[in-house]
Amino acid sequence: MPTVILLDVSLSMTRSEQLADGTETTRKQLAINGINAFLDHLSIHSKLEFISLMAFSSLYEERCPFTRDYNVIKAELKNIEDYDKTCIETAYHGVSQMVLGEWGNNTACQILLVTDGNTGIGPMSLKDSLSTINHRGTTLPAFPIPFPFPAKLHVVCIAAANEPNVVKSKPLYQRLIDLSGYEGSVQIPDNLQTESNVTNLFQKLAEEMYSSFKGVLKCGRLESKIILSPAPVPYTKITDFNTQTCNVSDLIEVRGFVSIADIGSPMAVSRHLLLPATASQKSDSKSGDMDLTDDNPVIDEASTPSFCVLLHGALKVENMAALVTVGDNWFGFVYSWADSKKKSNLMMTVLKPGSDVIPWLGDLNDLGCADMFSPDLVGTFPIKPTEKRSYSQNGVVWIRPAGLQSDIQKILRHARKLPEKTQQFYKELNRLRKAAISLGFHDLLTGLAYIFEQECLQLPGTAHPDCAMQLQHAADMLRKTQNRDIKFSLMPFQTNYNAS
């Protein structure tokens with residue numbers, strides 16, 4: 001899960017602190033030491049995670065884009081300068097732009113805010129931003145939380161728990177977490193007398209944010225200890241009368257093998273990288289140092305048989321996937337996936353809970369071997385129905401604004417090629433019009449009529465006369481309320497150019 005580290009570099013972070021050993025440091029330096037400890041933990045236990053660094057005060061600055069090279073972030077932390085006052089709202093606007101530009105709005109992210117508990121003063125303060133969140137006019141931008149993507153907020157205050165700023169700001173931070181819609185936390189060290197209190201806090205937070213999933217992959221008598229990255233989260237199934245939460249089991253058992261072509265692209269809950277648990281990953285030690293005085297011989301992992309390696313090679317050569325159970329009546333697929341021509345990995349796709357989640361395969365509990373049937377009864381997936389469908393084209397579905405924009409642009413492309421594309425123009429127009437009426441999206445018809453009129457005004461002098469006449473005719477017909485019947489179809493305007 002990608003993580004954005006937001007470091008407060010306002011002037012209040014330069015406040016000096018006297019440590020128990022007599023040395024003097026600043027809260028900013030304590031925060032940097034804590035972030036370094038956070039990155040050290042990830043480099044040992046979660047080295048596949050993407051981390052980015054952003055500094056903020058009244059403005060924000062992206063100091064390091066998403067990377068797995070944590071040394072780059074550590075080097076950048078040494079070069080961060082001090083700026084003016086704190087403005088958390090501006091920083092979250094920057095986080096939204098950075099995450100949307102890199103991952104889109106479907107990838108879950110974690111945001112770690114490192115500050116000293118000071119939420120700002122005046123109109124740019126967090127208290128003022130939250131007080132105006134529900135009645136902002138056109139002059140103020142919308143509040144960035146909840147984010148347009150799934151996000152968990154964590155706040156680390158480099159301050160004492162009894163400080164007045166922390167007491168006042170803690171409810172404000174908790175409200176930010178509540179507005180995000182996901183679980184988060186507000187972390188405050190026990191005291192600032194020793195640097196270890198801060199570093200231990202960051203290490204504990206890293207363990208909570210990136211708890212690895214360890215389980216066993218089993219097929220008959222063969223088994224291997226594995227790690228799933230990222231760790232699967234519980235799936236919550238909401239029905240009309242109750243809510244059911246399903247957790248992935250520690251035992252992932254292979255039930256059979258299916259061709260990749262037969263599986264297709266079913267709806268999935270999540271996808272994970274499946275890694276064999278090495279000797280270093282099995283150890284519960286939190287230290288990355290090796291005990292050179294240990295008399296036990298070092299295990300050569302290259303010469304140790306691994307069921308994951310065997311399964312990966314077999315699936316890759318045969319172009320098949322393993323059907324596995326990840327819970328009670330909950331299935332998934334394990335397959336070989338290549339991000340390049342030279343390197344491939346073992347992946348696991350978790351399906352929705354239930355055995356009837358892939359329509360063309362039927363009930364997954366009833367699957368059997370092809371040897372159980374005669375050759376004339378064995379077919380290929382997906383099985384096509386024998387009856388002929390009563391419709392000739394797919395329905396219109398708009399999930400994102402880009403889909404609607406694409407349909408409108410397609411109509412305009414046909415419009416610029418009138419009268420040769422008259423039939424295609426009205427076919428696509430009627431298709432979009434019926435979808436808008438069925439959804440009650442009448443404003444779309446009015447907006448489309450306005451677009452047609454604007455196209456008429458912008459037609460070049462070399463355009464065919466029928467182009468402007470058909471566009472004006474279509475605009476007039478779209479505006480008439482008596483034509484809002486879904487069974488009504490717009491017909492071309494009969495002119496001397498297209499009359500038969």
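## Strand pairing and overall content

Two strands are taken to pair if DSSP finds at least two bridges between them. By this criterion, strand β9 (residues 213–219) pairs with strand β13 (residues 251–259) in the parallel sense, over three bridges. The structure is a predicted model.

The protein contains 13 helices and 17 strands. Of its 500 residues, 41% are buried. Among contacts between residues at least 6 apart in sequence, 69% join residues at least 24 apart.

## The closed barrel

The pairing of β9 with β13 belongs to a closed barrel of seven strands, which runs β9-β10-β14-β17-β16-β15-β13 with mixed pairing. Neighbouring strands of this barrel are turned by 40° against each other on average, direction ignored. Where β9 and β13 run alongside each other, V216 stands opposite L251 in β13.

## The open sheet

Six strands form an open sheet, ordered β5-β4-β1-β6-β7-β8, and here too the pairing is mixed. Strands β5 (60–67) and β8 (185–187) stand at the edges; each has a single partner strand, so one side of each is left without a neighbour in the sheet. On average, neighbouring strands of the open sheet are turned by 15° against each other, direction ignored.

The edge strand β8 pairs with β7 (residues 151–157) in the parallel sense, over three bridges. In this pairing V155 stands opposite V186 in β8.

## Helices packed on the open sheet

Helix α1 (residues 27–45) packs on the sheet and touches β1 (3–8), β4 (51–56) and β6 (109–115). The direction of α1 makes about 165° with that of β1.

Helix α5 (residues 164–180) also packs on the sheet, where it touches β6, β7 and β8. The direction of α5 makes about 170° with that of β7. Strand β6 is thus touched by α1 and by α5.

## The α11–α13 helix pair

The axes of helix α11 (residues 422–439) and helix α13 (residues 465–479) come within 12 Å and cross at roughly 20°. Angles under 35 degrees count as roughly parallel, and α11 and α13 are therefore roughly parallel to each other. Their crossing is right-handed.

On the α11 side, the contact involves T422, F425, Y426, L429 and R433; these meet D466, Q470, L471, H473, A474 and L478 in α13. By class, the residues of this contact divide into six nonpolar, three polar and two charged.

Terms used
Residues are numbered from 1 along each chain as its sequence is written. This is a predicted model: local features need pLDDT of at least 70, side-chain atom pairs count only at pLDDT 80 or more; totals for chains, interfaces and linings use all residues. Side-chain values use heavy atoms; hydrogens and water are left out. Helices (H or I, at least four residues) and strands (E, at least two) are DSSP runs, numbered from the N terminus. Axes are lines fitted to C-alpha atoms, for helices over the stretch in contact, and angles run from 0 to 180 degrees between N-to-C directions. Contact means heavy atoms within 4.5 Å. Angles under 35 degrees count as roughly parallel, over 145 as roughly antiparallel, 65 to 115 as roughly perpendicular and the rest as oblique. A crossing is left-handed if the near helix is turned anticlockwise from the far one by less than a right angle, and right-handed if clockwise. Ala, Val, Leu, Ile, Met, Phe, Trp, Tyr, Cys and Pro count as nonpolar, Asp, Glu, Lys and Arg as charged, and the others, Gly among them, as polar. Buried means under 20% relative accessible area, exposed over 50%, partly exposed in between (1.4 Å probe, protein chains only).
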